[in-house]
Amino acid sequence: MSAAPDLGALLSQISLSIAWSGTIIRRFWRGNLGLLGKLSMKVLIVGSQGQLGTELMASQPAQCLVQGLDLEELDISDRQAVETLIEQQRPQLIINAAAYTAVDKAESAAEIAYAVNAEGAANLARMAACINAQLISISTDFVFDGRRSEPYPVDHQAHPLSVYGASKLAGEQQILRLNPQALIVRTAWVY
Ligand SMILES: NC(=O)c1ccc[n+]([C@@H]2O[C@H](COP(=O)([O-])OP(=O)(O)OC[C@H]3O[C@@H](n4cnc5c(N)ncnc54)[C@H](OP(=O)(O)O)[C@@H]3O)[C@@H](O)[C@H]2O)c1
């Protein structure tokens, strides 16, 4: 789901229900560089030491100046820290691969799941809008209930069954409220 038609169309083609192989990640980079039309781009990846973040860091194109930060360097749920860092670094593209992904634990840790997946996403969206950077935030098929036997269209009613899914959906909603130009990639079975 996205409010930016060109990039959104590309990303929806490559993201929905597709496992992120190395090829897909390279296409992710190529697509964004091409469509944003930058010869060189300053990129910030948060959650850079997670499973997806590690792949994105390892496959970064030569023409990108990529800064990867993980929890110990930037807690995305800390609004002040996010504002300070992004104001200082002023990236052109922010990729949010940070998340609280412990699906089972989240059932008894809703506060932290929402702090990271909803408020953390909101903090990034607010600051991306503030400095006019493109935000790409990774979301999940867990926003749906999984009862449908066919692929979900992007505008299908969300119905999360878990705290994790609900917190990710809350993050999506916050992002689109604060930054309608942001891109949200809903994917499944990355790893
Ligand atoms: N893996 C999949 O199959 C899959 C499927 C669908 C969607 N996704 C989505 O893809 C994205 C990346 O998933 P992943 O599998 O790479 O997750 P992951 O391996 O758990 O990586 C998430 C990273 O975010 C960090 N993090 C946690 N809280 C943070 C905070 N407050 N501030 C900054 N960083 C924080 C984690 O650090 P710690 O390890 O220190 O906590 C970890 O390095 C997530 O949005 C997830 O919902 C993943």
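1. A friendly place to begin is the middle of the sheet: strand S3 (residues 93–96) pairs with S1 through 4 bridges, in the parallel sense. In this pairing, Leu 93 of S3 is the residue opposite Val 43. Please keep in mind as you read on that this is a predicted model.

2. S1 (residues 41–46) also has S2 as a partner, with 6 bridges joining the two parallel strands. Here Val 43 turns up again, standing opposite Val 66 in S2. Val 43 is thus a handy landmark when you look at the structure, with Val 66 opposite it in S2 and Leu 93 opposite it in S3.

3. How are S1 and S2 connected in terms of handedness? Together with H3, the two strands make a β-α-β unit that is right-handed.

4. On the other flank, 5 bridges link S5 with strand S4 (residues 134–140), once more in the parallel sense. If you would like a residue pair to check by eye, Leu 183 in S5 has Ile 136 opposite it. Helix H7 (residues 163–178) lies across both S4 and S5, and its direction is at about 160 degrees to that of S4.

5. Putting the strands together gives an open sheet of 5 strands, ordered S2-S1-S3-S4-S5, with parallel pairing. Which strands lie at the edges? They are S2 (64–69) and S5 (183–187), each of which pairs on one side only. From one strand to the next, the twist averages 20 degrees.

6. Now to the ligand, which has 28 residues around it; Gly 47, Gly 50, Ala 98, Ala 99 and Val 190 are the closest. By class, the shell is made up of 15 nonpolar, 10 polar and 3 charged residues.

7. Which elements supply at least two residues each to this shell? They are helix H3 (51–58), helix H6 (110–131) and S4. The largest share comes from H3, with 3 residues. H3 is therefore worth a second look, as the helix of the right-handed β-α-β unit with S1 and S2 and as a contributor to the ligand shell.

8. A word on confidence before you go into detail. The average pLDDT over the chain is 85, and 80% of the residues score at least 70. Residues 1–21 are another matter: pLDDT stays under 50 there, although the model has 42 contacts beyond four places in sequence for this stretch. Where pLDDT is low, predicted coordinates should not be read in detail.

Technical notes
Residues numbered from 1 in each chain as written. Predicted model: local features only at pLDDT ≥ 70, side-chain atom pairs only at ≥ 80, totals over all residues. Pairing = 2+ DSSP bridges. Axes fitted to C-alpha atoms, helices over the stretch in contact; angles between N-to-C directions. Contact = placed C-beta atoms within 7 Å. Near = placed C-beta within 6 Å. Nonpolar A, V, L, I, M, F, W, Y, C, P; charged D, E, K, R; others polar. Right-handed = clockwise from strand over helix to strand, strands pointing away. pLDDT = per-residue confidence, 0-100.
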